[in-house]
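Let's take a walk through this protein together. Have the sequence and the 3D view ready, and follow along as we go from a single detail out to the whole chain.

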Amino acid sequence: MNAVVSHPATLPELLPGIRHRTLAGPDDGLSSLEVWSQSIAGHGATPPHQHDCEEVVLILAGRGLLAMNGTDMPFQAGDTLIIPRGVAHQILNDGKHELRLFAALGMAPVRAAFPDGTPIALPWQQPTATAAACVQPPVRATAARASVSDARSPN
């Protein structure tokens, strides 16, 4: 296990509008925790998704909405998002400036799925795959809220 890990200075854009860097995870000897740094471009969003683990997100810069449980919850720099295990959610940047965040997830490697349970192959875990082949493009804010809500609907 590495006690000190150096990271590249740049974050690659592996999903449209999202730059990701795994700060600590299985490659560093962790078996039940991953720590991520991400940025989301202005008016960008993560795809609606869920994890089979708890997630804590610290907002470093910017502002946005957490779409979860049929509610859009505004957040800003300095806020912490608490996302329970198995709950469909989406992080939306509702500003024009970059949203920067730091996330800790209680699983290694992290597995993600769309709200309907279809697995998402995270591009940073796929060394030979292209981002386009790994996930659907992020849904923008207006459609995103409906997507997360519709995924929870029993109809």
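How many aromatic pairs does a search of the whole structure find? Just one turns up, and keep in mind that we are looking at a predicted model. The two partners are W36 and W124, and their arrangement is edge-to-face. A pair of aromatic rings is described by the distance of the centres and the angle of the planes. For W36 and W124, the centres are 5.3 Å apart and the planes make an angle of 75°. That angle counts as edge-to-face because it is over the cut-off of 60 degrees.

Now find the two partners in the sequence. W36 belongs to strand β3, while W124 lies in the loop between β12 and α1 (131–134). They are 88 residues apart, so this pair links distant parts of the chain. Is W36 buried or exposed? W36 has a relative accessible area of 4%, and it counts as buried because that is under 20%.

Let's stay in strand β3, which covers residues 34–40 and also holds S37. With a relative accessible area of 13%, S37 is buried too, because this value is also under 20%. Which residues does S37 touch, if we skip its neighbours within four places in sequence? Its contacts are L11, R19, H20, R21, L23 and L101.

Next, look for an open sheet made of three strands, in the order β4-β11-β12. The pairing in this sheet is antiparallel. Which strands stand at the edges? They are β4 (50–51) and β12 (119–120); each has a single partner strand, so one side of each is left without a neighbour in the sheet. You can zoom in on β11, which spans residues 112–113 and pairs with β12 over two bridges, in the antiparallel sense. One detail to pick out there is A113, whose bridge partner in β12 is P119.

Time to zoom out. The protein chain has twelve strands and two helices. Starting at the N terminus, the elements run β-β-β-β-β-β-β-β-β-β-β-β-α-α. The chain has 155 residues, and 42% of them count as buried.

Contacts tell us about the whole chain as well. Take those between residues at least 6 apart in sequence: 66% of them join residues at least 24 apart. Finally, there's the outside: the accessible surface comes to about 8100 Å², and 54% of it belongs to carbon and sulfur atoms.

Note on methods: Residues are numbered from 1 along each chain as its sequence is written. This is a predicted model: local features need pLDDT of at least 70, side-chain atom pairs count only at pLDDT 80 or more; totals for chains, interfaces and linings use all residues. Side-chain values use heavy atoms; hydrogens and water are left out. Helices (H or I, at least four residues) and strands (E, at least two) are DSSP runs, numbered from the N terminus. Buried means under 20% relative accessible area, exposed over 50%, partly exposed in between (1.4 Å probe, protein chains only). Contact means heavy atoms within 4.5 Å. Two strands pair if DSSP finds at least two bridges between them. Rings of Phe, Tyr and Trp (its six-membered ring) pair if their centres lie within 6.5 Å; planes under 30 degrees apart count as stacked, over 60 as edge-to-face and the rest as tilted. Accessible areas come from the Shrake-Rupley method with a 1.4 Å probe; for residues, only the protein chains shown count as cover.
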